[in-house]
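The following exercises concern the fold and the charged side chains of one protein chain. Each task is followed by a solution in steps.

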Amino acid sequence: MLYDVLPDAETPTAAELQAAYAAELAAVVDEYGQETVAADTGLDPETVAAFADGDVADATLSDAAAVFAVDGTDPDAVTAEVRDGLMMGLSTAILDVDTVALEIETELDAREVRQALEGEIRLRLDELAAVQSLIRSRS
């Protein structure tokens, strides 16, 4: 879903990854309908409408997981898969949270990167894209 977007792109940019996340979310909303997605996820209708339009600027990993769970998938499983994939990627690319915080273009410091990756604080999709892009560029 989110962790394996753009499998053929060796080193996608954060913007390309975020656009791919947006396309996947829009496809789910299109398949199930905005009203169903809003009712099943607890997200407000404006957020769901934004996803339908491909706008994920304010979206979090939890929001995206809720949308993907409309088909019956466990949203916690979605977030766990993404976080596990990121942690494995960090190990493979030999990256630590200090390096990630320095090299991605977000406002997260090293402590917040660690907390976001471990699920202690929210992880926005733009932050996810930045981390995922860095990992893929180093792997």
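The model is predicted.

**Exercise 1.** Determine which secondary structure elements the protein chain has, and assess its overall dimensions against the rule for a compact globule.

Solution.
- Step 1. The chain has eight helices and zero strands, giving the pattern α-α-α-α-α-α-α-α along the sequence.
- Step 2. For 139 residues, a compact globule would have a radius of gyration near 14 Å; the chain has 15 Å and therefore agrees with this expectation.
- Step 3. Along the principal axes, the C-alpha atoms fill a box of roughly 45 × 30 × 25 Å.
- Step 4. Buried residues account for 44% of the 139 residues. Of the contacts with a separation of 6 or more, 66% are between residues 24 or more positions apart.

**Exercise 2.** State how many positive and negative side chains the protein chain has, and how many salt bridges are counted.

Solution.
- Step 1. There are 7 positive and 31 negative side chains, and the centres of the two sets lie 10 Å apart.
- Step 2. Side chains of opposite charge can pair when their charged atoms come close.
- Step 3. With a cut-off of 4 Å between side-chain nitrogen and carboxyl oxygen, the count is six salt bridges.

**Exercise 3.** Locate the partners of the salt bridge between Arg138 and Glu103, and classify each as buried, partly exposed or exposed.

Solution.
- Step 1. The two side chains meet at 2.5 Å, N to O.
- Step 2. Arg138 belongs to helix α8 (residues 125-138) and Glu103 to helix α6 (residues 97-103); the pair, 35 residues apart, links distant parts of the chain.
- Step 3. Partly exposed covers the range between 20% and 50% relative accessible area. Arg138, at 37%, is therefore partly exposed, and Glu103, at 42%, is also partly exposed.

**Exercise 4.** Analyse the network that includes Asp126, and identify what part of the chain Ala57 is found in.

Solution.
- Step 1. Salt bridges link Arg122, Arg124, Asp126 and Glu127 in a network.
- Step 2. Within it, Glu127 pairs with Arg122 at 3.1 Å between the closest N and O atoms, and Arg124 pairs with Asp126 at 2.8 Å.
- Step 3. Glu127 is buried at 2%, whereas Arg122 is partly exposed at 42%. Arg124 and Asp126 are partly exposed, at 26% and 22% respectively.
- Step 4. Ala57 is found in the loop between α3 (45-52) and α4 (61-68), and is partly exposed at 42% relative accessibility. Its C-alpha lies 7.1 Å from that of Asp126, although the two residues are 69 apart in sequence.

Note on methods: Residues are numbered from 1 along each chain as its sequence is written. This is a predicted model: local features need pLDDT of at least 70, side-chain atom pairs count only at pLDDT 80 or more; totals for chains, interfaces and linings use all residues. Side-chain values use heavy atoms; hydrogens and water are left out. Helices (H or I, at least four residues) and strands (E, at least two) are DSSP runs, numbered from the N terminus. Buried means under 20% relative accessible area, exposed over 50%, partly exposed in between (1.4 Å probe, protein chains only). The radius of gyration is taken over C-alpha atoms; the globule rule is 2.2 Å times the number of residues to the power 0.38. Contact means heavy atoms within 4.5 Å. Lys and Arg count as positive and Asp and Glu as negative; His and the chain ends are not counted. The place of a charge is taken as NZ of Lys, CZ of Arg, CG of Asp or CD of Glu.
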